[in-house]
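Here is a quick walk through a protein model, written for someone who would rather be at the bench. Have a look at the structure first, and then we'll go through it bit by bit.

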Amino acid sequence: MAVSMARFLASLSWLLVFTGIFHTVCAEIAAGTAAAGDIPHRRFEYKYSFKGPHLTQSDGTVPFWVHTGSAIPSADQIRITPSLRSQRGSVWTKSPVTFDQWEAEVSFRVSGRGRTGADGLAIWFTANQGLEGPVYGAADQWNGVGIFFDSFDNDGKKNNPAIVVVGNNGKLVYDHQNDGSTQALGTCLRDFRNKPYPVRAKIIYYQRTLTVWINNGFTPEREDYEFCTKVENMIIPQSGYFGISAATGGLADDHDVLSFLLFRLTEPGQNLPPPEQEIPKEEQDKYQKEFENFQEDLKTKKEEFQKEHPEVQGGPFDMYESVSERELQQVFEGQNRIHLEIKQLNRQLAMILDEQRRYVSVITDEVAKRSAGQAPSQEMDTVMSNQREILHGLNELRTTFTASLKQLTSEAQGNAGGLGSYETIQHFNDIKEHLHVVKRNVEHIIQKNAAPVEKMKCPELPPPSACLSTTPFVVVVVIQTVLFFGYVMYKSQQEAAAKKFF
């Protein structure tokens, strides 16, 4: 009875534990669902972003951004530091960000030859532009937050490469010797060097919570992010500048930033930010007046140019052809090429016809010579008839071809003003059909030209001579037999002599 009561109490306790776990999980799922329903509104802010291609302007600058130090902007990316020792570089927004909540997506590459790199790359949001300094190429004692991608293990704890979030109120000095571990608000270990695809970092500051997500660069999937770290109840300046910096030391890596995309976040239920204001009416009138003045100046200069250069017909814009003129020119060029090809085919056909006539004359002379001595054979009559048919076919083909060529020339001259119509399309279809007819006739002529020819009989080879006659063969066999028996008798005598000693 006591044993059964103990089992009942144990089962009851396990049931209570599972019930508590079930309620906890349900509560977490409900909280997650509620949080998922509070998705903020995102609006892209192009004045605080950059992305290739055509990233730079003609003067080498990036629109809305300023670069300093060893940063080298190009059409597809910004190389913050090259793989040289003791380099520093950075890029910063020209205008401060005035909204409170945001999301930044950064795509970058950190690549180097060695297994260990240095020093690293940093993404900043600070009250002032930290253009140059000792902290990954930017100024120390910043007021804001920095997300550091630290490549080098300064403290020797083998905890690098790492991603470290460090906040500062403008008074703290960064702890280089410990890789900022004493000042870190959040960290995660991620290897971001020498990846097959660009590494992506998504940094979200929403409702005073900073969250960092990482795409490790192993796959081309853009949204394949992993959670890195989260810092809650974090206060940053209401207005600040975004920046990206990097530095190298005794070791060196290439730090390349491919894109920086910034989004403004608005909580559900709040009024969406108004669109950018249009140009004021006064400025619109000012620009319109400048445009009209420019048009009048251009017209006046055109008239003056015509007076000074009466021999020049039309203005500089008259040198450019219109769309219809360009199409007409293309049709004429195509028709001229077809005309030249047909002329070339006509010349080749004339050469074939001359060659065929020569063959006919040679065969006729040969037949005349043979007919004087004996009657012509049936094979010779067949060759003669085939050659005459080929010659007749070539004559007809050349006549048709010449007529088609004349028709093409006359139609090309007659349709000079009306190309592009239905008649022109029909005309090209006729040319195509004529070319197919020529191809079939030429193939037919080539098949007929293969006249039957007497099969040449190869001379009979003399029968091969025998390598060995009968008499020598018998003599050799007899000699070998005698030698064999002689050897056997000699061997038996040797054995008999050897037995006498036993």
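## A strand residue and its contacts

Two residues are in contact here when they have heavy atoms within 4.5 Å of each other. Keep in mind, too, that this is a predicted model.

With that in hand, take V66, which sits in strand β3, the run covering residues 65–69. Which residues does V66 touch, leaving aside its neighbours within four places in sequence? The list is S90, V91, W92, K94 and Q129. One of these partners, W92, is 26 residues away from V66 along the chain, yet their C-alpha atoms are separated by 5.4 Å. As for cover, V66 has a relative accessibility of 27% and so counts as partly exposed.

## Aromatic pairs on strand β9

Rings meet in plenty of places: the structure holds 21 aromatic pairs. One of them joins F148 and Y174, with ring centres 5.3 Å apart; their planes are at 85 degrees, so the pair is edge-to-face. F148 belongs to strand β9 (residues 143–150), while Y174 is in the loop between β10 (162–169) and β11 (184–189), so this pair ties together parts 26 residues apart in sequence. Are these two buried or exposed? F148 is buried, at 0% relative accessibility, and Y174 is buried as well, at 6%.

Next along the strand comes another edge-to-face pair, F149 with F192, at 5.6 Å centre to centre and 90 degrees between the planes. F149 is in strand β9 and F192 in the loop between β11 and β12 (199–206), so here the parts tied together are 43 residues apart in sequence. Both count as buried: F149 has 0% relative accessibility and F192 has 3%.

## A ring cluster and a charge over a ring

Ring pairs can also chain up. F50, W65, W102, F125, Y205, F242 and F260 are linked into a cluster that way.

There is also a charge sitting over a ring: R42 lies over the face of F263, at 3.9 Å from the ring centre.

## A nonpolar patch on the surface

Now for the outside. F473, V474, V477, V478 and V482 make up a nonpolar surface patch, and together they have about 430 Å² of accessible area.

Where does V477 sit? This patch member is in helix α6, which covers residues 470–499. V477 has a relative accessible area of 36%, so it counts as partly exposed.

How values were computed: Residues numbered from 1 in each chain as written. Predicted model: local features only at pLDDT ≥ 70, side-chain atom pairs only at ≥ 80, totals over all residues. Heavy atoms only, no water. Patch = residues over 30% accessible without salt bridge, like charges linked within 9 Å, V, L, I, M, F, W, Y side chains within 5 Å. Areas by Shrake-Rupley, 256 points an atom, 1.4 Å probe, with all protein chains shown as cover. Salt bridge = Lys/Arg side-chain N within 4 Å of Asp/Glu carboxyl O. Helix = DSSP H or I, 4+ residues; strand = E, 2+ residues; numbered from the N terminus. Buried < 20%, exposed > 50% of the residue type's maximum accessible area, 1.4 Å probe, protein only. Phe/Tyr/Trp six-rings, centres within 6.5 Å; stacked < 30°, edge-to-face > 60°. Lys NZ or Arg CZ within 6 Å of the ring centre and 35° of its normal.
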